[in-house]
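Student: Could you take me through one part of this model up close? I'd like to see how a pair of packed helices is put together, and then how some individual residues sit around the rest of the chain.

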Amino acid sequence: MSVQAQQDRLRRKRREAGEVLTIFRKPLKESLTSVLPITAIVLVLCFTITPISNNAMMAFLLGSLLLIVGMGLFTLGSEMSMIPLGEAVGKEITRSKKVWVIVAISFLIGVIITVAEPDLQVLAGQVPSIPDRVIIWSVALGVGVFLVIALLRILFAIQLSYLLIGFYAIVFVLAGFVSPDFWVVAFDSGGVTTGPMTVPFIMALGVGVASIRSDEKAKSDSFGLVALCSIGPILAVLILGFLYPENTASATETVVDSFETTLTVGYSYLEELPVMMGEVAIALLPICVFFLLFQVFSLHLRKLPLLRILIGVGYTYVGLVLFLTGVNVGFSSLGYVLGGVIVDEGLGLLLIPLATLMGWFIINAEPAVHVLNKQVEELSAGAISSKVMGMSLSIAVAAAMGLAMVRVLTGISILWFVLPGYIIALGLSFFVPSIFTAIAFDSGGVASGPLTATFMLPFAMGATTALGGNTMTDAFGLVALVAMMPLIVVQVMGAIYVIKTRRNKAQESAPVFSDEGVIELWEVA
């Protein structure tokens, strides 16, 4: 090989390496800026009012590193695999224009994705007297049914607000006939089922189905799938309340790792890693099998698009394994300890502003939120930027965390918050464009992700335990509040958008007068 050929080959390898780094740089930068603020807040607390052991600090910092890398890989993988896969399946199942095909396949998709959702497994283990499998399959069936309803709504252009009002009316009527012990579990289940696995695929599925319609409202109707799919689990758990009235209303005990030595830290991560590898593999396996069967019998994608999706699935898998391992080991135990120590130090009232501050930043560390924000910006042609969406969700989750700590300190029933909250949210749907209502209710499901369930919920449980309260009734319900507040805040953003648009149109249509032809009175005199 000549010297020139060797140099050309070296340049080509450097260029390819540079392209790979460019692909990874953007998602890793986003995840870095998302995780660092919450890490900094926790470190400030640990060095001031809540001192912890060096080993626990090491576990937390290692968890932060895994979060950054994991969320970056997940974001990249979902863009390469879950989103194009969902759009392709959505277009394909509607191409036949047979309603029974759409109903059967969408129901199957809803069930297999939900059964594998890691957050649902955690919630099921916290509910006493009901077998885990009963809860998981009941919730999965609820999601499957409501995914069918959501896709049929898109095809037949049914107004989303009417469906939301009708189904939430059923929810609150049923809540009046079951034990209050089921209320927090029901509303929390609506949030945990729309996790990092479910959201990218379901939202892209809606885009694919909406593309069949040619009217101008099709794009806005592609939102709302997550909103309706969140109702199914709530109804499913409330129905279980009739079948299992003997619920004991006590949550299972939280296991807190003390990290006594650096060896304990290492063992904790080494033990958790294969567990997460198995759980994420189970989560991805049904989707992969479904996709491969669909590819063989219907899609027939070409080699390069197929290879890109498979590589994206690999990134998604590695990213979720690292993310969930870091969260479960480094964050959960520390969150529980922080909540308890703050109360033990006599600083219980500090829980409210502190949780509000953490809520402001923690939403940016949820993987599925970045997917939602980007999709909103793309489908709205930049009218609703990802930055504005991020700001709205930060405000919403900050308020939700503050309200959750009020419940921890006072023990107020969850219905005193969610009932008026949903009445306000549904009322706003009549005054804002339908796209804002759909995005708002989708945002509610997306905001309550794994970091909320594995850091802020243990934080609330630690504080509740230190106060001597009931973790089942006082701490649980935090996910429900996080899922509710975006419904209000995003629609308020929509109302502001409408007011500004009308004002701008009024200014543009107002007559403009120039100085030409104006007669000055002193000139006449």
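**A close look at a helix pair and its surroundings**

Tutor: Sure, let's start with the setting. The protein chain has 22 helices and zero strands. Keep in mind that this is a predicted model. Of the 525 residues in the chain, 55% count as buried. Among contacts with a separation of 6 or more, 87% join residues 24 or more positions apart. As for the outside, the chain exposes about 22,900 Å², and carbon and sulfur atoms supply 67% of that area.

Now for the helix pair. Helix H3 covers residues 99–115 and helix H12 covers residues 262–299; their axes are 9 Å apart, and they pack at an angle of about 150°. Angles over 145 degrees count as roughly antiparallel, so H3 and H12 are roughly antiparallel to each other. Who meets whom there? From H3 come Ile105, Leu108, Ile109, Ile112 and Ile113. On the H12 side, they meet Pro286, Ile287, Phe290 and Phe294.

Next, go out to the surface. Val173, Phe177, Ile239, Phe242 and Leu243 make a nonpolar patch of about 540 Å² there. Helix H11, residues 231–243, gives the largest share of this patch, with three residues. One of the patch residues, Ile239, is found in H11. Ile239 has a relative accessible area of 46%, so this residue is partly exposed; the patch itself takes in residues with over 30%.

For a backbone detail, look at the loop between helix H5 (132–155) and helix H6 (160–175), where you'll find Ala157. The phi of Ala157 is near 55°, a positive value in a residue other than glycine. Most residues other than glycine have a negative phi. Ala157 is also partly exposed, because its relative accessible area is 47%.

Finally, here's a residue at the other end of the accessibility range. Thr464 belongs to helix H19, which spans residues 450–467. The cut-off for buried is under 20% relative accessible area, so Thr464, at 1%, counts as buried. Leaving out residues up to four places away in sequence, Thr464 touches Val408, Gly469, Asn470, Thr471, Asp474 and Ala475.

Definitions and conventions: Residues numbered from 1 in each chain as written. Predicted model: local features only at pLDDT ≥ 70, side-chain atom pairs only at ≥ 80, totals over all residues. Heavy atoms only, no water. Patch = residues over 30% accessible without salt bridge, like charges linked within 9 Å, V, L, I, M, F, W, Y side chains within 5 Å. Areas by Shrake-Rupley, 256 points an atom, 1.4 Å probe, with all protein chains shown as cover. Salt bridge = Lys/Arg side-chain N within 4 Å of Asp/Glu carboxyl O. Helix = DSSP H or I, 4+ residues; strand = E, 2+ residues; numbered from the N terminus. Buried < 20%, exposed > 50% of the residue type's maximum accessible area, 1.4 Å probe, protein only. Axes fitted to C-alpha atoms, helices over the stretch in contact; angles between N-to-C directions. Parallel < 35°, antiparallel > 145°, perpendicular 65-115°, else oblique. Contact = heavy atoms within 4.5 Å.
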